[in-house]
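This report looks at how two protein copies are arranged, how they meet a DNA strand, and how one residue is placed. Read it with the structure in view.

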There are 2 protein chains.
Amino acid sequence: MAFYGNQAEVRTEAKLRVQDAPRECHVGVCRAYGKRHAIFRQGDKAGHLYRVESGAVALEILLEDGRRQLVEILLAGDLFGFAVDGSFEETAIALEATVVCVMRQCDLERTDAVGWEVAHQTGRQITRAHDQLMALGRKNAQERICQLLLRFARDIGDRPCAEPGGGPEPIRLHVPLTRGEMGDYLGLSLETVCRTMSALKQLGVIAIGPRQGDVTILALDEVRRRAG
Amino acid sequence: MAFYGNQAEVRTEAKLRVQDAPRECHVGVCRAYGKRHAIFRQGDKAGHLYRVESGAVALEILLEDGRRQLVEILLAGDLFGFAVDGSFEETAIALEATVVCVMRQCDLERTDAVGWEVAHQTGRQITRAHDQLMALGRKNAQERICQLLLRFARDIGDRPCAEPGGGPEPIRLHVPLTRGEMGDYLGLSLETVCRTMSALKQLGVIAIGPRQGDVTILALDEVRRRAG
DNA sequence: CGCGGAATTGACTATCATCAAAGTTTGTGG
DNA sequence: CCACAAACTTTGATGATAGTCAATTCCGCG
């Protein structure tokens, strides 16, 4: 399949090493971004589509008065860069060391067959956005946070530390978001995120640390139940 | 263009008359739905794409405990029915007398060129979902309601009652949502919607009535400013 | 005219935001 | 390897916005 294929040019930026970088992409160019670097900004002229090769990207919207909302978190394989009137409504930021494949939209659109691939991708993203709307509109802080943890557990969690007794296995995962960013994604203040995480820890549902960003899910079914 | 074309079969349901019904669509079938009738339900097997020909459709998600969130409001021209794992995550409901064109996905996908049309549509819907995420995550009740009013003003508002003095023209519009539905879309209780609408009325920014669902925007710039 | 759903308004409550003050990690440079 | 600064996290006290419960009024339709 032309869209998911082949070799490409590579440029490194920030502190990424080349071996962290490109898988491959036919019609595009791979670029590496360091933590918190912008890939494009609100208002920039559009014209490219982007795919996350590795790492994680957040799309954020800023209001004039400084209010901030992360509207999407993208992981490996996800497409982004859809624009409506030729310019981006959102800023895309690498959440960690990240490699992105950049493809010129006009090149892509010359290949009809790719259209449906993109449509399926965007369909999935719409569904995810709708889930998030349910969370922000109707769920409380604990439910929102459990839902976010599950998202990372599904997409990047590993299950190494199996219990000998056959009990539920802890899931260790690394959340590449600060408390403030979690709040900006979940529509909460960073303090509420902290307090809610602490409460889940007290309940024995999760463990925090040892490093910043590390979370261990101790009771997956409890997290599921609380995510609603 | 094959996708936006041609003649089709028509079925009428509820109280819709035939002349309210179909424009045309090549690969699909037009159906008419009465107020509050479901087009498909959460959990139904997917396999079709739908386009609003006239009227308005809401997509809703229900939680087991009864909490409800309207995640999208679709007007004429909008596509819906994207599913991830072969079944719908959402229920689609006609907000008023509505005609929908139903197209089999496998038929559509035989035409490569249509893929990009769908992709552009879904791209627009993603942007709209992201705006709504900003609203639910970071905006207060007044801002959310002003944003919703602007959405209807842009898409269906007419500007008939021009001021003789050349002042700002009132915009009369009909919102096909009850207060409760507005709340379910905006992540608010129906009482908060009521109170906020009343406050905007007291401020002289809008007028309400004479019928249920009627709203007149008296000061468009004020609504814009408050929408953020 | 009268019934039922929708809208409005009031009183009280709860969740979450804000302000503030420590305490931890992380990364850098000597 | 240690020290220090900056960024991030945690916890507490207080307040504001919006939710819930309830009573009344209004509109739409038979």
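## Arrangement of the copies

To compare copies, they are superposed by least squares on the C-alpha atoms of residues with pLDDT of at least 70 in both. The model described here is predicted.

Two copies of a chain are related by a rotation about an axis and a shift along it. Here, a turn of 180° and a shift of 0.0 Å along the axis lay chain A on chain B with an RMSD of 0.1 Å. That is the relation of a two-fold axis. Of the interface residues of chain A, 100% are also interface residues in chain B, so the copies meet through the same surface.

## Contacts with DNA strand D

There are 19 residues around DNA strand D, and those that come nearest are Arg179(A), Arg195(A), Ser198(A), Ala141(B) and Thr192(B). Sugar and phosphate make up 57% of the atoms of DNA strand D that come within 4 Å of the protein. Helix α5 (190-202) of chain A and α5 (190-202) of chain B each supply at least two residues of the surface near the strand. The most comes from α5(A), with 5 residues.

Backbone atoms of chain B also approach the phosphates of DNA strand D. A polar backbone atom of Ala141(B) is 2.8 Å from a phosphate oxygen, and for Gly187(B) the distance is 3.4 Å. For a backbone N or O atom of Gln212(B), it is 3.1 Å.

## The setting of Asp214(B)

Asp214(B) lies in strand β12 (residues 214-217) of chain B. Is a salt bridge present or absent for this buried residue? It is absent: the nearest side chain of opposite charge, Arg172(B), is 4.7 Å away, and a salt bridge needs the atoms within 4 Å.

The side chain of Asp214(B) instead makes a polar contact with the side chain of His174(B), at 2.9 Å. Beyond its neighbours within four places in sequence, Asp214(B) is in contact with residues including Leu173(B), Ala207(B) and Gly209(B).

Note on methods. Residues numbered from 1 in each chain as written. Chains lettered and ligands numbered in written order. Predicted model: local features only at pLDDT ≥ 70, side-chain atom pairs only at ≥ 80, totals over all residues. Heavy atoms only, no water. Helix = DSSP H or I, 4+ residues; strand = E, 2+ residues; numbered from the N terminus. Buried < 20%, exposed > 50% of the residue type's maximum accessible area, 1.4 Å probe, protein only. Lys, Arg positive; Asp, Glu negative; His and termini not counted. Polar contact = N/O pair within 3.5 Å; in protein donor to acceptor, adjacent residues only side chain to side chain. Contact = heavy atoms within 4.5 Å. Near = heavy atom within 4 Å.
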